[in-house]
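Open your viewer, and let's walk through this chain together, one selection at a time. Keep a surface and a cartoon representation handy.

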Amino acid sequence: MLRVVLVDDEPSARRGLRRMLAGFPDIAVSGEAGDLESARQVMHEVRPDAVFLDVELTNGKGLDLATDLPPETFVIVVSAYDLYAIDAFDVAALDFLVKPVKPERLETAIGRLRERLPPVPSTPDNNVSPTLVTAQGRLQFKTSSASILVSHDAVAFLRAEGDYTRVYLENGQQHLANGLLRVFETRLPAPPFHRLDRSTIVNCAQIQRVNWHASGRSSIHFSNGNNVVEIGRPASKRLRSILQLSGG
């Protein structure tokens, strides 16, 4: 069962969405909130798999909540204004729904959520991905044509690409690996690896410099000079905190 929270300052909008979600047997509405403060409390207590988040709340912006959520909580933005689609991209939203929400668009969003949150395996042995193994400071993963084994130091960063993960190496090579980014996250040591948003993990030991832009976004340059990663405002804020804690 996938647990979701509804955040919208219009009770009628929450009721309508709740009714629509009742048609999905694997979705449980575990909490609701109508303002930013209540939403933060509900999210902390429930820790849902996803939140349906309105942008315009009476006491703030819903997207301010999105920047504080852990990467494993997916955000589906719901708004009457499609101009917020770019802001939704900045917080790596899983989907953007325009009010009034159409049943077919909601079904698409739920489908994407299911793809990102596969059923929990029933036995401990199944928790180990057959495509991803770590041993003695090394990462092993599979592509469509090969099994690859590299040291942790050789990995610069990783980015999600649908149901796959692209692994970027410090020598400039890159590989499209089988497996979701969240699986790689569980197999890599932190530090030096840190997940900045829902689509990016970086090896902070390989960072040469970070260019902080006035817009709040940033560009990460790695030690080999071959790779540059552009990240949004929430991820930049998280990276700045990580580097400050590490003395970088």
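Start by colouring the chain by burial: in this predicted model, buried residues make up 44% of the 248 residues. Switch to the surface, and you are looking at about 12,700 Å² of accessible area, 50% of which belongs to carbon and sulfur atoms.

Now go to the cartoon. The chain has 7 helices and 18 strands. Its radius of gyration is 19 Å, close to the 18 Å that the globule rule gives for 248 residues, so the chain is as compact as a globular protein of that length. Along the principal axes, the C-alpha trace spans about 55 × 45 × 30 Å. If you draw a contact map, consider the pairs at least 6 apart in sequence: 50% of those contacts join residues at least 24 apart.

For an electrostatic view, select the charged side chains. The chain has 28 positive and 29 negative charges, and the mean positions of the two sets are 3 Å apart.

**Into the cores**

Next, select V5, V7, V51, L53, L65, V75 and V77. Within the largest nonpolar core, which has 22 residues, these touch the most other members. Highlight strand 1 (2-7), helix 2 (36-46), strand 3 (50-54), helix 3 (62-66) and strand 6 (74-79) too, as each supplies at least two residues of this core. Which of them gives the largest share of this core? Helix 2 does, with 5 residues. As background, nonpolar side chains in soluble globular proteins tend to be buried together.

Centre on V75 and show what surrounds it. Leaving aside neighbours within four places in sequence, V75 is in contact with V51, L53, A66, L69, A93, L94, D95 and R198. Apart from this core lies another one, of 20 residues, including L21, I27, A109 and L113.

**Two neighbours in strand 4**

Select strand 4, residues 56-57, starting with E56. Is E56 buried or partly exposed? E56 counts as partly exposed, because its relative accessibility is 31%. Beyond four places in sequence, its contacts are D9, K61 and Y84. Put a distance label between the C-alpha atoms of E56 and S79: 23 residues separate them along the chain, and 7.7 Å in space.

Step along to L57, also in strand 4. Here relative accessibility is 7%, so L57 counts as buried. Not counting residues up to four places away in sequence, L57 touches V7, D8, D9, G34, D35, L36 and G62. A C-alpha label from L57 to V7 will read 8.7 Å, for residues 50 apart in sequence.

**Backbone stops**

Now inspect some torsions. As a reminder, most residues other than glycine have a negative phi, and most peptide bonds are trans. Select R47, in the loop between helix 2 and strand 3: its phi is near 50°, a positive value in a residue other than glycine. R47 counts as exposed, because its relative accessibility is 54%.

Move to the loop between helix 6 (181-187) and strand 14 (193-197), where you will find P191. The peptide bond from A190 to P191 is cis, with omega near -5°. P192 sits in the loop between helix 6 and strand 14 as well, and a cis bond, with omega about 10°, joins P191 and P192.

**Last two selections**

Pick Y168 in strand 12 (residues 164-169). With 14% relative accessibility, Y168 counts as buried. Setting aside neighbours within four places in sequence, Y168 is in contact with A154, V155, A156, F157, R159, E161, Q173, Q174 and N227. From Y168 to T200, 32 residues apart in sequence, the C-alpha distance is 11 Å.

Finish at R238, found in helix 7 (residues 233-245). R238 counts as partly exposed, because its relative accessibility is 24%. Which residues does R238 touch, not counting those up to four places away in sequence? They are T67, L69, P71, R195, L196 and D197. For one last distance label, choose the C-alpha atoms of R238 and N171: they are 67 residues apart along the chain and separated by 26 Å.

Key
Residues numbered from 1 in each chain as written. Predicted model: local features only at pLDDT ≥ 70, side-chain atom pairs only at ≥ 80, totals over all residues. Heavy atoms only, no water. Helix = DSSP H or I, 4+ residues; strand = E, 2+ residues; numbered from the N terminus. Rg over C-alpha atoms; globule rule 2.2 N^0.38 Å. Buried < 20%, exposed > 50% of the residue type's maximum accessible area, 1.4 Å probe, protein only. Contact = heavy atoms within 4.5 Å. Areas by Shrake-Rupley, 256 points an atom, 1.4 Å probe, with all protein chains shown as cover. Lys, Arg positive; Asp, Glu negative; His and termini not counted. Charge placed at Lys NZ, Arg CZ, Asp CG, Glu CD. Core = buried A, V, L, I, M, F, W, Y, C linked by side-chain atoms within 4.5 Å.
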